[in-house]
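This briefing covers the chain as a whole, its nonpolar cores, a surface patch and the salt bridges. The sequence and structure come first.

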Amino acid sequence: VAKLCVCDLLVAQCDVNCCCDPDCSAADFSLFTTCSVPIVTGDSRLCSQKAAIYSLDVKANPPERIFKLIDHDNPSVFCIHATNYKQALSFSSPEMPTSENFDQLLKQFGSASFSAEPDSWNTNTDAQNPSDANDTYRYEYGVPIQTVDAFLRLPSPVVSSWCSDANPAGFLVNQATKCIRSVSVEKCGNTEEVSMLFYISSSILAVPRSSQMVNITVRSIVVQSLNGMRTLLNGSDVLRLPMILDELCVNIVLGVSYHITYTDTGEITEAAASFVLGAINKEALSIQQSFEISFTQVNTTPVPLSGNPGYVVGLPIRAGFWPQGYPCPVEILFAALNTNKYSQLTILQSTSNQDCLAAQGARTPILFGYNMISGCKLRITAAMKCQPLTQTLLDLLKGQSFPEYVASFGNSQAHDVLDWVPITHVHPSKQRICNTFQSSCQIPVSLEIEVKWTKYGSLVNPQARIVNITATVTTTTLKQLPSGRERTIPITSSVVFTDVSSPAEPGYKAWPTINAKLPFDFFFPFV
């Protein structure tokens, strides 16, 4: 229970007034005014358990944090004496039915009843080692990834911009860091931090405190010249160590990108590293190194998320479409996300020359919360035909494959059909915009996208959720030009975000103030 901390929200940072935050130092505690969580316990339904008590000694100079570990007894007659069914302490992701495993799942769960009990129950709780009772033997979010000698290093700047190798890589924590490393040509062969071997020599433990190891393989090697040109090497199985060549130190590590593959039970199955190697001359006293780590679950296609669960301002809006010929919505949206390159909603990207015909195909993602406007200029001649011009402008405004759905949340999954909001299209009928150039022609000149979103969930930590999106095409009348004449018209795209959250009306009797505290497990099993 001493390791539990419900107010520890920031990764590798001290949370204000969170007295159980392990990232806080004595200097941080001296600035606290109170302990936001004074007591921390485990499951309230246990008959007996440890409780961590936190308080502040304001009389000390400077103020200090006081920590006590006491025995907490449950006065209820109906309480849990021991938790011997470890599988009930966590939820595993259900297996999705596919054409390959459908018969197997039908045989296992298709009958009127089936057993979900484990093969054996551990009833000998007295023989259990108390120190090992809470060991999970699996990686959880934020837990440092262990290696045979320590942990997987992800160097990062600490106080200054210089690299520190004491930063561990946390499980499922995507990170990207840059820092400065001191190096010289004379000592480059003896500086292990600029060698590939330093980052792949130590094997990763598949799960914490286990003997099963996962070797770090080299996925790719990119060589960067002194002028910045990069070349991808064909073979990545050769270990390239730093060496002095013609007064240059070559094969020094400029960047490392780790990619970890894991299972839904918290076990690491594969680890790969991609390197960027470079060279320095005698004048160089330091180099800038970049490090990155990402995670992918086995048998899944990585899809970039834009929040968890609500959208984060500045991240792209995730989108998909409904391919024809698919009767099942689950397969449709899944196929949509796999065939859309970045699964994002995009608009026309402005170019330096402002030429619409040259800007065809140039798109930029729509970022949540950012009102955007872009455009170009179209030069129209008398020889242009109405219908081809209209179709060209529609493709320019919407792109070659405009999506039909957007994700309501930043982490909406493809198979959760109800989490996808259809895009409402507002445009004139084809009869109006497809006239010939005999007298006049209706051509599209602008695309206006309005995204309506609302604050969803708790008032303390509201999550951004998209509830409606409308795409409006505006047309204009273009008369037939005399022979030899030209005309230039502006073509624009815009995006507007509207907050449609309903604020509570002051004095409304349906929202009384209740001075009460709900039980710990009131919303069990939801948090």
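Of the 527 residues in the protein chain, 35% are buried. The model is a predicted one. Its protein chain has 6 helices and 23 strands.

**Chain overall**
- Among contacts with a separation of 6 or more in the protein chain, 64% are between residues 24 or more positions apart.
- About 32700 Å² of the protein chain is exposed, and carbon and sulfur atoms supply 54% of that area.

**Nonpolar cores**
- In soluble globular proteins, nonpolar side chains tend to be buried together.
- The largest nonpolar core has 42 residues, and the members that touch the most others are Ile317, Leu345, Val406, Ile443, Ile449 and Ile491.
- Elements giving two or more residues to this core include the helix α5 (386-398) and the strands β16 (346-348), β18 (372-381), β19 (405-407) and β20 (420-426).
- β21 (440-456), β22 (463-479) and β23 (486-499) are also among these elements, and β21 gives the most, with 7 residues.
- Leaving aside residues up to four places away in sequence, Val406 touches Ile317, Arg318, Ala319, Leu345, Asp419, Trp420, Val421, Ile423, Ile466 and Ile469.
- A second core, separate from the one above, has 32 residues, including Tyr139, Leu154, Ile200 and Leu205.

**Nonpolar surface patch**
- Leu197, Leu239 and Leu241 make a nonpolar surface patch of about 240 Å².
- Leu241 sits in the loop between β10 (230-232) and β11 (243-245).
- The relative accessible area of Leu241 is 40%, so this residue is classed as partly exposed, between the limits of 20% and 50%.

**Salt bridges**
- The structure holds 5 salt bridges, and three of them are described here.
- Lys50 pairs with Asp71 in a salt bridge, with 2.6 Å between the closest N and O atoms.
- Lys50 is in strand β2 (residues 48-57) and Asp71 in strand β3 (residues 64-73), so this pair, 21 residues apart, links distant parts of the chain.
- Lys50 is partly exposed at 41% relative accessibility, whereas Asp71, at 54%, is exposed.
- Asp165 and Arg181 form a salt bridge whose closest N and O atoms are 3.1 Å apart.
- Because Asp165 lies in the loop between β5 (163-164) and β6 (175-182) and Arg181 in strand β6, this pair ties together parts that are 16 residues apart in sequence.
- Arg181 is buried, at 8% relative accessibility.
- Asp499 and Lys455 meet through their side chains in a salt bridge of 2.6 Å, N to O.
- Asp499 is in strand β23 and Lys455 in strand β21, 44 residues apart.
- Both are partly exposed, Asp499 at 35% relative accessibility and Lys455 at 44%.

Terms used. Residues numbered from 1 in each chain as written. Predicted model: local features only at pLDDT ≥ 70, side-chain atom pairs only at ≥ 80, totals over all residues. Heavy atoms only, no water. Core = buried A, V, L, I, M, F, W, Y, C linked by side-chain atoms within 4.5 Å. Buried < 20%, exposed > 50% of the residue type's maximum accessible area, 1.4 Å probe, protein only. Helix = DSSP H or I, 4+ residues; strand = E, 2+ residues; numbered from the N terminus. Contact = heavy atoms within 4.5 Å. Patch = residues over 30% accessible without salt bridge, like charges linked within 9 Å, V, L, I, M, F, W, Y side chains within 5 Å. Areas by Shrake-Rupley, 256 points an atom, 1.4 Å probe, with all protein chains shown as cover. Salt bridge = Lys/Arg side-chain N within 4 Å of Asp/Glu carboxyl O.
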